[in-house]
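Subject: Handover of a protein structure

Dear colleague,

Please find below the structure that I am handing over to you. My findings follow it, and I would ask you to read them with the structure open.

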Amino acid sequence: MQDHLEVYIQHASKQPVSIAPWLKHRHKPRIGAEWMFLRRGVGASNHFEAGGFVRSNDRVDYPNLMFHFLPIAIRYDGSKPAGGEENGGHGYQVHIGPMYSDVRGSLKIRSRDPREHPALRFNYLSTENDRREWIEMVRAARDILEQPAFSAFSAGEISPGPGVQTDQEILDWVAQDAETALHPSCTAKMGTDDASVVDPATMRVHGTQGLRVVDASVFPYVTNGNIYAPVMMVAEKAADLIAGNTPLAPLDVPFYRHGTGMPLWPEGDPRNAAPVPGTVRADAEPS
Ligand SMILES: Cc1cc2nc3c(=O)[nH]c(=O)nc-3n(C[C@H](O)[C@H](O)[C@H](O)COP(=O)(O)OP(=O)(O)OC[C@H]3O[C@@H](n4cnc5c(N)ncnc54)[C@H](O)[C@@H]3O)c2cc1C
């Protein structure tokens with residue numbers, strides 16, 4: 001099993017530019033009505049309007065960290081707004097998490113009774129590589145948020161705050177503060193090797209009859225970003241396979257790659273830039 005874990009780096013804002021005032025109960029009827037009848041207003045957005053991907057180190061060829069910017073400082077479940085009274089509650093935050101962690105968890109069926117929940121063990125922060133990426137990530141996020149462009153807005157970091165500086169302090173804070181990005185997946189991976197569960201040509205579970213799996217559990221490894229769109233892609237292809245239609249042919253779509261052997265365009269395409277030696281694939285199987 002795999003998942004994406006994430007934290008928020010929160011800043012108070014000295015300018016009244018966040019959506020914090022809209023949290024007041026008295027605004028809720030207006031937000032609801034605007035969205036329902038006019039399809040606009042604060043309720044028409046999930047407010048994750050800006051995002052980005054960066055490489056946390058030079059050993060990965062394409063970004064291994066995902067950022068989302070939110071124009072309010074608040075927990076993912078809407079609790080604990082944290083802008084600070086003196087700033088009128090205004091704040092902002094970035095959500096960040098490593099996308100290609102080499103951590104592996106497990107899902108175990110505990111009982112023959114289907115009503116009994118299975119045991120989920122995520123094993124977050126359990127590998128050296130993962131812990132290193134978390135430290136790199138918090139430092140990268142702070143580096144971005146402390147750029148001069150933010151100085152007109154930042155009234156200081158609220159979370160984790162200046163008390164968290166050393167590698168160990170960062171890891172302790174992550175262990176305490178991080179939340180799942182709600183991307184558990186990969187418990188029944190597609191493939192043809194001994195460790196695989198689902199046949200990618202039919203979506204049938206190996207060794208069984210009349211049982212197919214089509215969901216996030218069939219990913220061989222978690223995707224390098226949010227997983228809903230990839231789930232839909234798996235579902236579209238599986239629908240073709242199950243209906244007996246010929247699935248669409250794979251496309252060679254260019255995407256940014258930094259190093260040797262990972263050109264932007266398909267192999268042999270003259271548009272590829274000169275290779276940069278000494279890098280490894282970000283999606284290489286963990287050793
Ligand atoms: C709060 C939240 C926010 C998220 N935000 C994002 C996001 O912004 N971007 C993103 O990419 N991903 C997001 N995700 C993750 C994404 O939604 C999931 O990874 C994705 O929906 C998983 O798809 P799935 O088909 O594997 O499972 P699900 O979407 O969970 O589908 C499982 C289905 O099985 C049904 N089911 C369960 N048990 C039974 C049963 N016994 N019999 C019949 N049916 C059953 C359920 O009702 C459900 O419809 C979010 C997830 C959550 C929970």
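Strand 1 and strand 7 (residues 154–159) are antiparallel and are joined by 3 bridges. Within this pairing, S13 has S154 of strand 7 as its bridge partner. Please bear in mind that the model is a predicted one.

Strand 1 has further partners. Its pairing with strand 4 comprises 6 bridges, and these two strands also run antiparallel. Here I9 stands opposite V94 of strand 4. Strand 8 (residues 179–180) is joined to strand 1 by 2 bridges, again in an antiparallel arrangement; E179 in strand 8 is the bridge partner of E6. Is strand 1 mostly covered or mostly open? It is mostly covered, since 8 of its 9 residues are buried. As a general point, side chains in a regular strand alternate between the two faces of the sheet.

As to the overall arrangement, the protein contains 4 helices and 8 strands. Followed along the sequence, they give the pattern β-α-β-β-β-β-β-α-β-α-β-α. The protein has 287 residues, of which 24% count as buried. Among contacts with a separation of 6 or more, 62% are between residues 24 or more positions apart.

The interior comes next. The largest nonpolar core consists of 16 residues, and I9, L65, F67, V94, I96, M137 and A141 are those with the most contacts inside it. At least two residues of this core come from each of strand 1 (5–13), strand 3 (65–70), strand 4 (91–98), helix 2 (128–145) and helix 3 (167–177). Which of these elements gives the most to this core? It is helix 2, with 4 residues. For the core residue F67, leaving out residues up to four places away in sequence, the residues touched are G51, G52, V54, V94, I96 and A141. Another core lies apart from the one just described; it has 10 residues, including V198, M203, A216 and V222.

A216 also belongs to the surroundings of the ligand, which are formed by L182, H183, D215, A216, N226, I227, Y228 and V231. This shell is made up of 5 nonpolar, 2 polar and 1 charged residues.

L182, from this shell, deserves a closer look. It is located in the loop between strand 8 and helix 4. Its phi is near 65 degrees, which is a positive value in a residue other than glycine. L182 counts as exposed because it has 12 C-beta neighbours inside 10 Å, and 12 or fewer is the cut-off for that class.

For comparison with the usual backbone, most residues other than glycine have a negative phi, and most peptide bonds are trans. R39 is a further residue that is not a glycine and has a positive phi, of about 55 degrees. R39 is placed in the loop between helix 1 (28–38) and strand 2 (50–54). With 9 other C-beta atoms within 10 Å, R39 is exposed. Where is the cis peptide bond? It joins S159 and P160, with omega at about 5 degrees. P160 is part of the loop between strand 7 and helix 3.

Helix 4 (residues 228–243) allows a simple check. Its 16 residues, at 1.5 Å a residue, should span 22 Å, and its end C-alpha atoms are indeed 22 Å apart, so the two values agree. G244, just after helix 4, takes a positive phi of about 80 degrees.

R257 lies in the segment after helix 4. Why does R257 count as buried? The reason is that R257 has 20 C-beta neighbours inside 10 Å, and 20 or more is what the class requires. R257 and P63 are 194 residues apart along the chain, while their C-alpha atoms are separated by 8.5 Å.

Finally, E116 is in the loop between strand 5 (106–108) and strand 6 (119–121). E116 has 10 C-beta neighbours inside 10 Å and therefore counts as exposed. Its contacts, aside from neighbours within four places in sequence, are with R110 and S111.

Yours sincerely,

A colleague

Note on methods
Residues are numbered from 1 along each chain as its sequence is written. This is a predicted model: local features need pLDDT of at least 70, side-chain atom pairs count only at pLDDT 80 or more; totals for chains, interfaces and linings use all residues. A nonpolar core is a set of buried Ala, Val, Leu, Ile, Met, Phe, Trp, Tyr and Cys residues joined through C-beta atoms within 7 Å. Two residues are in contact if their C-beta atoms, placed from the backbone, lie within 7 Å. A residue is near a molecule or strand if its C-beta atom, placed from the backbone, lies within 6 Å of it. Ala, Val, Leu, Ile, Met, Phe, Trp, Tyr, Cys and Pro count as nonpolar, Asp, Glu, Lys and Arg as charged, and the others, Gly among them, as polar. The expected span of a helix is 1.5 Å times one less than its number of residues. Two strands pair if DSSP finds at least two bridges between them.
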